[in-house]
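Hello,

Here is the structure we talked about handing over. Please open it and read the notes below alongside it.

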Amino acid sequence: MPGRHSRRSVLAALAAVPLTGALGACSGTGAGSRSSGTSSITRITFWSALRGSQEVVDAFNRTHDRVQVDFQQIPSGGQGGYAKLSNAARAGNAPDIATIEYPQVPGFAIDGVARDITDLVDDRLRRKLLPQALGLTTFEGRVFSVPLDIEPMVLHYRADLFERYGLRPARTWDEFAEQARTVRREAAGRRLVLFPTDGMTQFAAYAWQAGARWFDTSKGAWNVSLADAPSRRVAAYWQRLIDAGEVFMNAVESRQSDAQLGNGLVLTRLTGAWDAGAQMNARPGQKGQWRIAPLPQWDPARPSVGTHGGSTFAVTKDSRHPEAAMEFIAWQVSHPDALRARLSSGTSSQYPAAPDLVPVGREAFDRSYYGGQDIYALFEREAEKIGGQWTWGPRMTATQKVMQDSFARVGGGQGSLVQSLRTAQEGTMPDLKALGLSTTQHST
Amino acid sequence: MTATTRPAVPALAPPATAPAAHRARRAARRRRLTACGVLMAPFFVLLLTVFLIPVGTAVYLSFYSDDQPGLGFGPERTVFVGLRSYAAVLTDPTFLGGLGTVALYCLIYIPLMVAGALALALLLDSGAARLRAFAQLGLFLPHAVPGIIAALIWLYLYTPGISPVIDLFARADITVDFLGVHTVLPSIVNIALWSNLGYNMVVFYAALQAVPREVIEASVVDGAGPVRTALQVKTPLVRASIVMVAIFTLIWALQLFTEPMLLSQSSPMISSRFSPSMYIYDAAFNRTNYSLAAAASVVLLACTVALSYGVTRFTGRADAAEEAR
């Protein structure tokens, strides 16, 4: 009898361990680290998952006396960073400054986590930032976060393989589809490109470029139309390539995709400007094989691109020193020393939302990986083409999950991309309604 | 109790001491009540803190919401929203899809579980099985493995590239995808069966031990073979246990969470809103939509209560019909 008892309690304890761990992870920490200090120094806290943040904070603290920043590295948004931020805000101990990617800005603004900082963003800072970037963090004329980088989608391609198959970077999507056919026909086991089943953000960039407006707030309500005419056009385009087996279709965040890239099975990648640096870090052995070109266009006479990636900084509702927080944010996004500090932690090709910083990035970038190509000049031209019509939705993480779950089923042979868009819309509306937002669903 | 002692009292105690006896009786009753209270308090405290208060909170949350008018960028205020969250949940195709998934899961899992556990228990009870104690332990052991560990073990066995099982099949030129569009639900059923079959078998086996031996002997004398004895004599006699196991399995199955949550790491076929419980988790922690999560929780609770009640009612009526016959 005692034996049985103790065994059961051991089992209970074993079962309880993961639970308590999970609960512990839920409760936010960091409340203790914030204090206003006894002297005139203002201490603020900063959460980020971005690489090089510690270096930026160190550089700031070295050069500033009045404001000092306590940095805490947190997991990236999808890995629990956003949940951590939400829970901390719910508990009333969010950091002064949080890092939020563009798609999640409206959600955190609606939840009241990101503070309305319109009055804190002065004209000097405003003039420094690319208007399309600031437009993505401005709602009803009010600014909720400050962009760090904005990432036009570009075409990364394997120059060596392009040469072997007699290809040149496609100028239009029709040409691109033609090339997909050629590669499938002539290169056994190779494909021109991957359609990522976990790639809502990629698909959004394609739709954005085609002129889609998934979310539109111009009429005082959230008009949701994930399957509008431009999006349907993009979906039909990729569906044709998928049905013909002319593209790979699997997750991009997977070993399968790593193998495809590592073994030279996929010839192009359609991603943001930042990915040039990420590619160098991930596959140093492919030095000299890659080049970058503008994204193919639907109508070369009226070029446009969408963005893929990019982060912003928000001052949270719990901040007791919003002015100090804003001072650090302004320095971080617009001062050359901030970018230099960030780049000191490793190669990065992020395209700064403050175009004045482009020379700093260009100077630090080792061009030899891209055969001497001046990729920043290309990014600069592409950033100008970013379509200004785009708005992200109030619950983008949820929209993303539903869409990607559906993409994955398309990869498994069930349904179509257009249906995935509709499914994502149907899975988004209940959320918005339960939040009490005014919604409409007109589609073009 | 007092009624039985009352006649004796006047005879034993003189009338003068009657109030004293009365006091003693009252004190005894008070002691009994105190003892009852002390012994039952832990139950009620737990019932209150881990059941009634959370349920009450969920119901409250489901009727209130932090609202902002229009686009939602204004200041928040908590308002009563009536059935809005319920309307949102019940019109959400992903929630209804999750309910459908769990319904299908129950349809596959519960019959398999009840029939499997009963068959094993009958086998053990019939004496056909050798090494009874060993078989019992072997079958029960998986239940001692926490669900999360079990899911991890099966995740390993299901994942292509690392699974020895898939390798073995591949060597025989058979391609299996345990996490494909149509196989993922059976794969989850398999995990649940593995975990719980032994436990329910023990429940049935214990019930079978209580079947009077003379009834079995009578059936043997009447010429019933072992199969007939098992199906037509023993099984009806453990009917109450079958109902109980069915209800517990149903309640457990409706809350399907751990297995799909872990398998979703490895299979894109399991969405983040695969089952109602996963929907609730997703609504609360990924979508920070607490009213929606609360409403979905209440809907799931109502479904569970209704189904459990339905099963008891249905089987109760069947019992009554049987007795009448």
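These notes cover the domains of chain A, then chain B, then where the chains touch.

One caution before the details: this is a predicted model.

Chain A first. The domain assignment splits it into two parts. Domain 1 covers 42-144 + 311-349. Domain 2 covers 153-305 + 393-440. Their C-alpha centres lie 28 Å apart. The two domains do touch: 11 residues of domain 1 of chain A and 14 residues of domain 2 of chain A make the contact. On the domain 1 side, helix α4 (residues 105-110) of chain A gives the largest share, 3 residues. That side of domain 1 of chain A holds 5 nonpolar and 6 polar residues, with no charged ones.

Now chain B. An unreviewed UniProt entry places the feature "transmembrane region" at residues 33-63, 102-125, 137-158, 178-199, 237-257 and 290-311 of chain B. Take two of these stretches. Residues 33-63 of chain B are 100% helix and 0% strand, with end C-alpha atoms 40 Å apart. Residues 137-158 of chain B are 91% helix and 0% strand, and there the end C-alpha atoms are 25 Å apart.

Last, the place where the chains meet. Here 33 residues of chain B are in contact with 39 residues of chain A. On the chain B side, the elements giving two or more residues are β1 (64-67), α4 (84-90), α5 (93-126), α14 (276-286) and α15 (290-324) of chain B. α4(B) gives the most, with 4 residues. By class, the chain B side has 14 nonpolar, 14 polar and 5 charged residues.

Best wishes

Methods: Residues are numbered from 1 along each chain as its sequence is written. Chains are lettered from A and ligands numbered from 1 in the order in which they are written. This is a predicted model: local features need pLDDT of at least 70, side-chain atom pairs count only at pLDDT 80 or more; totals for chains, interfaces and linings use all residues. Domain bounds come from an automatic or database domain assignment. Two residues are in contact if their C-beta atoms, placed from the backbone, lie within 7 Å. Ala, Val, Leu, Ile, Met, Phe, Trp, Tyr, Cys and Pro count as nonpolar, Asp, Glu, Lys and Arg as charged, and the others, Gly among them, as polar. UniProt positions are given in the numbering used here, feature names are shortened, and annotations may be inferred rather than shown by experiment.
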